[in-house]
Each structure stands twice: as C-alpha cells, then as structure tokens.
Amino acid sequence: MTQTSSHDAAAESSLSEPAAPSRRELNKAATRNSIATAALDLLRSNGAGNFTVEDIAASAGVSRRTFFNYFPSLEAALASVADGFMDHALEQFRLRPADESILESAQAALMALADPMSVAPMAELFSLTQDNRSLARSELEAWEHCTEQIIDAARSRLGTGISELYLHALAGSVISCGKAAMTVWFAERGPDLSAESLAVLRQHLIDAMGLLGAGFAPPSDASVQASAASPSVPTTTDRF
C-alpha cells in the first residue's frame, strides 16, 4: 500500500515538474546564442552593412548552412539578442497570481528584474538601430517576437476561449508602451548603456505599464512623487 502510494506520488511529481532539457536541446540553445552573440559583436566592431552571414558563421564557428538552420536572415540573428530579456520578464510574469490583472503582473515582472543590466541587450539593439536605419528590420523583428510571446503568455493566463482581438490589442498596447519607453530613454540618454542609464530605462518601462493600466489619466504631481518614492507596484484600474 505504502509502496503504491509512493509510486503514485512520484508519478504525480514527474507530471507536475517540467522535464529538464536534453543535451541536444542545450547544445542547440548554445549554438543559437553563439550565432546571435557573434552577430552583435560584428555589428559593434564593423558597423551596419559591413559584415555578412558568412562573417557571422565564421565568428560563431559554424557553417553557413548551420546559420540558416537557426535564423532566416542576418537581421533575425540580431533581433534574437533581445530574446533573453523577454524570456526573463515572462518567467517572472508567470509567477504572478492568476487573479492579478495582466498589466499589474507585467509591472511586477519588470520590477522583479532588479538588475538594470537585464535590459542591456534590448537597449543596445535599439541604440544601434537608431543610428543605422538599414537595420531597422532587426528592431522590427525583435518587437514582433515580443508581441508573439506576450500573446502566448496572456493566452496561458486567460485560457484558450479568450478573444484573439483582445489578445492582439493587449499585446499591441504593451509593445507600444515599450517602444515609447525606449524612445524617451534614448532621447534622454542616447547610446549610454551604463547601469544608471539602464535603470532609467527599466523605470520608464514600469511607468509606461502603469500609464496603460490607469487608462492614461494625466498623473498629478503628488501621484508622480508617490510613485517615485514607493517601490511597490502601483494599483491600477485596468481590466486586463
């Protein structure tokens, strides 16, 4: 009896816990990361338009064919450097209470990323593409991928019966706030990627989610000061 119960408990535990990634999956993830890192390094050192897919592949130690097994284009490889930030933010989002509003969870997830350097890859990509508009497609692909991830996360939270219009409108609104935060940060700080500058960007992202949740009601001076002084997530009236 005890033996059976133990066996059942072990079976339930194995079902509830996600399986650890296999060696093959880990190797694929490492190769993908190596290619993306090589692409960003070449953009930093050579500048836009001065390197090719072949250059990226050589720097990453892979063949041209392997490159295209992971990315459809040079721009897609560059866009993927922002994946890590979204992965970490969504990981924190999924830890939030299921009955919490989507936007409050989004704010809390951003606040949980206490290290401002977590936003560095996305910020650097944004900075580099502002000066090199020929690479605007990389920035666009990064935002599109973020949109897809937000839709998937919201669908998981709200269930498959939720309206697709709702999901896409929600994701589009969140992405627009993200772009606004990036644009204002870049206008204020330029290509400054110091920890202090990235902390400002992180706060802009949090505040943008707060504005969206509050229906963009003009903040009073008192509420702005209270928000700046309090580390807690602001209470919003959003219905998301």
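S101 is buried, with a relative accessible area of 13%; buried here stands for under 20% relative accessible area, exposed for over 50% and partly exposed for in between, with a 1.4 Å probe and protein chains only. This serine lies in the loop between α6 (83–94) and α7 (102–112), and the side chain of S101 reaches the backbone nitrogen of E104 at 3.2 Å. Such a polar contact is a pair of N or O atoms within 3.5 Å; within protein, one must be able to donate a hydrogen and the other to accept it, and residues adjacent in sequence count only if both atoms are side-chain atoms.

A word on the model helps before going further. The structure is a predicted model, in which local features need pLDDT of at least 70 and side-chain atom pairs count only at pLDDT 80 or more, while totals for chains, interfaces and linings use all residues. Residues are numbered from 1 along each chain as its sequence is written, and side-chain values use heavy atoms, with hydrogens and water left out.

The protein chain has 12 helices and zero strands. Helices (H or I, at least four residues) and strands (E, at least two) are DSSP runs, numbered from the N terminus. Of the 240 residues of the chain, 39% count as buried.

Helix α10 covers residues 164–189. At 1.5 Å a residue, its 26 residues should span 38 Å, and the end C-alpha atoms of α10 are 37 Å apart, which agrees; the expected span is 1.5 Å times one less than the number of residues. At the N-terminal end, S163 acts as a cap, with a side-chain oxygen 3.1 Å from the backbone nitrogen of L165. On the other side, α10 is followed by G190, whose phi is positive, near 65 degrees. The buried residues in α10 include L167, L170, V174, C177, M182 and W185. S173, also in α10, counts as partly exposed because its relative accessibility is 26%. The side chain of S173 reaches the backbone oxygen of A169 at 2.8 Å. S173 also brings the next helix into view: S173 and M209 are 36 residues apart in sequence, with 9.3 Å between their C-alpha atoms.

M209 is one of the buried residues of α11, among them also L198, R202, H204, I206 and L212. Helix α11 (residues 195–213) has 19 residues and reaches 27 Å from its first C-alpha to its last, close to the 27 Å expected at 1.5 Å a residue. After α11 comes G215, with a positive phi near 70 degrees. F216 likewise has a positive phi, of about 60 degrees, although it is not a glycine. F216 is found in the loop between α11 and α12 (221–229), and its relative accessible area of 49% is why it counts as partly exposed.

Turning to the interior, the count comes to three cavities of 30 Å³ or more. On a 1 Å grid over the protein atoms alone, a cavity is a set of points where a 1.4 Å probe fits but cannot get out, and lining residues have an atom within 4 Å of a point. Grid points are joined across faces, edges and corners, and a volume is the space filled by probe spheres set on the points.

The largest cavity has a volume of about 350 Å³. Its lining holds 22 residues, of which M86, A106, I150, V174 and M209 lie nearest its centre. The elements that give two or more residues to this lining are α6, α7, α9 (136–158), α10 and α11. By class, the lining of the largest cavity divides into 21 nonpolar, one polar and no charged residues. Ala, Val, Leu, Ile, Met, Phe, Trp, Tyr, Cys and Pro count as nonpolar, Asp, Glu, Lys and Arg as charged, and the others, Gly among them, as polar.

The second largest cavity has a volume of about 60 Å³. Among the residues that line it are A82, M122, F126, E139, W143, C146 and M182. The elements that give two or more residues to this lining are α8 (120–131) and α9, and α9 gives the largest share, four residues. This lining has eight nonpolar, no polar and one charged residues.

Cysteines round off the picture. C146 counts as buried because its relative accessibility is 2%, and C177 counts as buried at 8%. The structure holds zero disulfides, a disulfide being a pair of cysteine sulfur atoms within 2.5 Å.

Conventions: 1 Å grid on protein atoms, 1.4 Å probe; cavity = no way out; pocket = protein on both sides within 12 Å on 5 of 7 lines; lining within 4 Å.
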